Amino acid sequence: MYFNNTSRYLFFLATVAISMLLTSCGGRQPNDDNNENGLTKIRLQINWFPEHEHGGFYAAKAKGYFAEEGLDVEIIPGGPKVNGVQEVVSRRVDFAIANADQILLGRAQQANVVGLMSPIQDSPRCIMVHKSSGISKFEELKGITISLSGGKPFVAYLTKKGFLQDAQLVPFLGGIRRFLEEKDFAQQGYVFSEPIQATTHGSDPVALMVSDTGFNPYTGLLFTHGDTIRDNPELVEKVVRASVRGWKDFLADPSETNKVILQVNEDLDEVTLTKGVAALVPLCLPNDMPADQIGKMTIERWQQLHDQLIEIEMLEESLDVKNAFTIDFLPPATP
Amino acid sequence: MPATATRTISAEAVSKSFDDDQVVKEVSFTVNAGEFVSIVGPSGCGKSTLLRMIAGLEEPTTGALEVDRGTSESNLSFVFQDPTLLPWRNVRNNVALPIELRGTLNSQDQETIDDAIQRVGLTDLDKSKLPHMLSGGMRMRVSIARALVTQPKLLLLDEPFAAVDDVLRQQLNEELLKLWQQAGCEQPAFSAVFVTHNIAEAVFLSQRILVMGANPGRLLADIKVPFDYPRDSAIRTKPEFTELAADVLKRLRGS
Amino acid sequence: MSLSDCEDLDVSKLAKNVLPPLLLLVAFLSTWESVVWLLKIPAITLPPPSRIALAAYKNADELVIATGYTALASTCGLLCSVVIGVVMAAIFSQAAIIRRSFFPYAIFLQTVPIVAVAPLLLHWFGNGFQTIVMIVIIISLFPIIVNVTYGMVSVDRQLVNLFQLNRASRWQIFFKLQLPNSVPLLISATKTSAGLAVIGAIVGEFFAGLSTPLSGLGYFIMKSLEYKIDAMMAAVIASALLGNAMFTVISFIESKILARFGQVQSNVFQ
């Protein structure tokens with residue numbers, strides 16, 4: 001009737017153990033379900049609310065490229081709380097989007113995630129300041145308030161370089177409201193997003209590109225679980241092939257896909273989206289990179305990122321970056 | 001009639017009701033200076049309420065109750081049914097409380113406090129003890145010492161020995177009489193009104209016994225106890241004692 | 001009782017109180033470690049105890065400073081709560097009408113979700129130490145107010161009569177009777193509030209982010225949340241230990257105070 005303390009503790013222990021087991025098990029394998037048309041159902045988790053950042057994937061779906069490969073891809077919107085690496089590791093989704101630094105840091109925590117393609121070659125990460133502040137370089141970030149997300153690698157990098165020591169740092173909570181209201185305020189952002197929104201609202205943003213300081217991780221990568229590559233390489237090849245087609249399409253002419261994105265994201269307005277895509281293109285195809293090389297990755301860039309993460313102590317031990325990505329599924333480079 | 005120099009308490013048709021419940025009905029009596037008077041009665045006869053009215057803790061609903069409380073220094077003191085000590089203070093500081101509340105303590109007060117503690121039969125060693133270290137009987141002694149430290153003119157006691165065993169009770173009865181008598185003095189130290197439901201105790205202690213009945217609380221009889229002081233335990237077995245006790249019992253039963 | 005009897009008693013008491021939780025801990029940790037190893041659970045999902053211990057060792061400097069900062073914020077807030085709580089209880093104890101008027105708002109203090117209030121306070125008052133202390137006060141104040149008010153109001157009626165008979169002033173009744181009477185309840189309420197204080201400090205630091213140069217466990221947990229689950233769990237354990245330490249210190253003070261009152265510490269777990 002009345003449980004003594006020992007049996008109470010044991011009951012608690014059993015509950016904890018069972019929950020641990022349940023979280024680690026579960027999740028589906030790919031190809032578990034077929035939809036009515038005989039297409040294979042695939043779940044793709046994007047890393048934010050649907051935006052031009054994910055344009056190529058929405059294009060692949062809207063234009064039927066996935067369907068042509070026999071795939072019914074569900075694109076699952078993300079947000080601030082969603083962690084794509086966790087979703088893939090727990091097999092709740094088959095594919096997801098993340099940045100290269102997230103993939104390396106996930107691998108350091110025994111997450112077997114592998115990058116497949118990187119549509120955005122150069123990092124859009126920026127610090128947005130007011131033009132009226134007169135700040136044009138990172139060295140000049142003094143005497144202002146900057147809102148940043150505490151745990152992010154780029155923040156650790158900027159801190160290590162000494163750029164943030166004369167500024168007052170506050171947490172980044174999303175949006176641009178405070179930036180619009182205060183002159184001595186700066187914040188983190190993506191160059192094809194927040195600065196464009198700020199301009200639309202009549203403000204005077206200037207984007208300081210973090211990549212200019214040397215920290216330039218691949219951004220918006222499509223990735224999957226290492227086991228999926230091992231067990232089902234044909235599936236991976238199909239997904240990558242369709243995605244590449246989608247991205248080429250999107251960068252050439254985003255108009256149709258933009259309509260789809262606007263439908264799934266009610267908070268996005270057409271002006272921001274259109275201007276955003278225009279800002280996105282040079283990041284996806286920098287230095288006149290030909291469009292059919294979309295998504296390519298080099299080991300030198302991965303190694304450089306790895307070494308930087310070690311330098312800022314976000315990675316505690318070395319990894320073999322060869323295991324973090326593969327270009328086997330990308331179309332061969334045109335000679 | 002107003003209280004005079006020789007009359008400490010004068011009660012005339014005192015009644016007390018709590019809402020519609022009449023607890024005390026038209027009680028009249030007097031207590032003269034230096035008298036030891038007991039009030040006996042069954043539960044619910046309003047004796048405690050009467051005592052509290054004398055103390056000034058309650059107001060009579062009707063009737064006149066005059067109490068000579070003396071000067072502000074030698075007030076009246078009340079000994080409660082429980083020792084009612086402050087648990088966080090030692091014996092000395094508990095006894096010092098009444099003096100402390102009336103003003104600041106000076107060195108002369110220290111002597112008075114020590115004297116009071118000694119008079120109730122506690123030692124120097126006991127002074128620094130905390131209440132939880134004392135037995136029930138010792139705590140009651142501290143309570144009495146505290147009541148006496150202000151040298152009151154009127155001492156009111158509400159069944160103080162109800163919770164102690166018979167042997168200790170009789171011993172405390174004798175000690176109380178000694179305190180009242182003040183060996184070597186002509187006048188008693190104070191007037192006392194002692195509430196109890198133990199008839200033998202009332203007979204042993206008092207010069208007069210006020211017998212009260214219940215439903216509603218009223219005065220049934222005012223009985224004189226003709227024995228001389230000092231009284232010792234031997235008196236309890238004398239036939240006059242037993243007869244008087246039987247008489248009180250008869251009155252209590254209301255026949 | 002001989003000297004050897006005393007020694008035996010001590011050892012067996014130690015064995016009785018320390019061994020069972022210790023053995024349970026060992027059993028729990030080995031089960032955890034084995035499950036992770038057997039099911040090949042990746043560290044990003046659930047790190048094994050060995051990995052958490054390693055992360056604690058590697059981050060020891062930062063964890064110690066963070067714990068110190070959180071301890072400082074919790075202790076300051078808790079002390080403020082004690083002072084404010086006693087003052088408010090003193091006011092509440094004076095009249096029933098005051099208690100009736102303020103009671104619903106005192107309840108509000110208990111039920112307000114701190115994770116919703118913390119960001120709001122940080123927005124209004126800035127991200128500094130003083131706001132963290134404010135959050136700690138809000139979360140830890142209620143038990144103290146309620147218990148101390150009760151302690152002041154629930155004085156033995158005969159004691160109050162005693163004071164009244166001696167014509168004690170309101171101040172005297174408060175300082176010599178009501179206040180000392182409430183001390184045991186104040187201490188036991190502070191024990192409860194200590195745990196809440198640590199929670200409040202951590203929640204506050206979680207949302208305050210990297211603003212302060214010395215940051216507490218809450219910030220450490222927040223920034224480790226995405227990438228370093230093992231370090232995060234090490235910080236969680238550190239916060240539990242901190243709460244435990246505060247509880248133990250206050251318990252010790254309580255035992256000394258209760259001895260004065262002749263009361264015994266109640267402990268249902270022993």
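1. Before anything else, a word on domains: the bounds used here come from an automatic or database domain assignment. For chain C that assignment gives domain 1 as 1–41 and domain 2 as 46–261. Keep in mind throughout that this is a predicted model.

2. Staying with those two pieces of chain C, their C-alpha centres lie 31 Å apart. Where they touch, domain 1 of chain C puts in six residues and domain 2 of chain C puts in four residues. The domain 1 side of that contact is made up of five nonpolar residues and one charged residue, with no polar ones.

3. Next, have a look at the helix pair in domain 2 of chain C. Helix α8 (residues 170–208) and helix α10 (residues 229–261) of chain C have axes that come within 9 Å and cross at roughly 170°. Angles over 145 degrees count as roughly antiparallel, and that is why α8(C) is described as roughly antiparallel to α10(C). On the α8(C) side the contact includes C:Val183, C:Ile187, C:Ala194, C:Val198 and C:Ile202, while on the α10(C) side C:Leu242, C:Met246, C:Phe247, C:Ile250 and C:Phe261 are among the residues met. Some small or polar residues sit in there too, including C:Ser188, C:Thr190 and C:Gly195 from α8(C) and C:Ser239, C:Gly243 and C:Ser251 from α10(C). By class, the residues of this helix contact come to 14 nonpolar, six polar and two charged.

4. Chain C also touches chain B. That contact takes 15 residues from chain C and 14 residues from chain B. Which element of chain B gives the most to its side? Helix α2 (residues 91–102) of chain B does, with three residues. The chain B side as a whole has ten nonpolar residues, two polar and two charged.

5. Moving into chain B itself, there is an open sheet of six strands in the order β5-β6-β7-β3-β8-β9, and the pairing is mixed. At the edges you find β5 (76–79) and β9 (218–224) of chain B, each pairing on one side only. The twist in this sheet averages 15° from one strand to the next.

6. The run from β5(B) through to β3(B) can be followed bridge by bridge. β5(B) and β6(B) pair in the parallel sense over four bridges, with B:Val79 partnered by B:Leu157 in β6(B). β6(B) and β7(B) also run parallel, joined by five bridges, and here B:Leu156 has B:Val193 in β7(B) as its bridge partner. Then β3 (residues 36–40) and β7 (residues 191–196) of chain B pair in the parallel sense over five bridges, and B:Phe36 stands opposite B:Ala192 in β7(B).

7. Is β6(B) buried or exposed? Five of its five residues are buried. The cover is on both faces: B:Leu154, B:Leu156 and B:Asp158 are buried on one side, B:Leu155 and B:Leu157 on the other. You may want to look at B:Asp158, the charged residue in that buried set. Helix α4 (residues 136–148) of chain B lies across β5(B) and β6 (154–158) of chain B, running at about 170° to β5(B).

8. Chain A comes last. Its secondary structure amounts to 13 helices and ten strands. Of its 335 residues, 47% are buried. Among contacts in chain A with a separation of 6 or more, 78% are between residues 24 or more positions apart.

9. Chain A has an open sheet as well, with five strands in the order β2-β1-β3-β10-β4 and mixed pairing. β2 (71–76) and β4 (113–117) of chain A stand at the edges with a single partner strand each, so one side of each has no neighbour in the sheet. The twist averages 30° from one strand to the next. Further in, β3 (residues 95–98) and β10 (residues 221–225) of chain A pair in the antiparallel sense over four bridges, and A:Ile97 stands opposite A:Leu222 in β10(A).

10. Two helices to check against that sheet. Helix α5 (residues 100–108) of chain A packs on it, touching β3, β4 and β10 of chain A, with its direction at about 155° to that of β4(A). Helix α10 (residues 233–252) of chain A lies across β1 (40–45), β2, β3, β4 and β10 of chain A and runs at about 40° to β4(A).

Key:
Residues are numbered from 1 along each chain as its sequence is written. Chains are lettered from A and ligands numbered from 1 in the order in which they are written. This is a predicted model: local features need pLDDT of at least 70, side-chain atom pairs count only at pLDDT 80 or more; totals for chains, interfaces and linings use all residues. Two residues are in contact if their C-beta atoms, placed from the backbone, lie within 7 Å. Two strands pair if DSSP finds at least two bridges between them. Axes are lines fitted to C-alpha atoms, for helices over the stretch in contact, and angles run from 0 to 180 degrees between N-to-C directions. Angles under 35 degrees count as roughly parallel, over 145 as roughly antiparallel, 65 to 115 as roughly perpendicular and the rest as oblique. A residue is buried if 20 or more other C-beta atoms lie within 10 Å of its own, exposed if 12 or fewer, and partly exposed in between; C-beta atoms are placed from the backbone.
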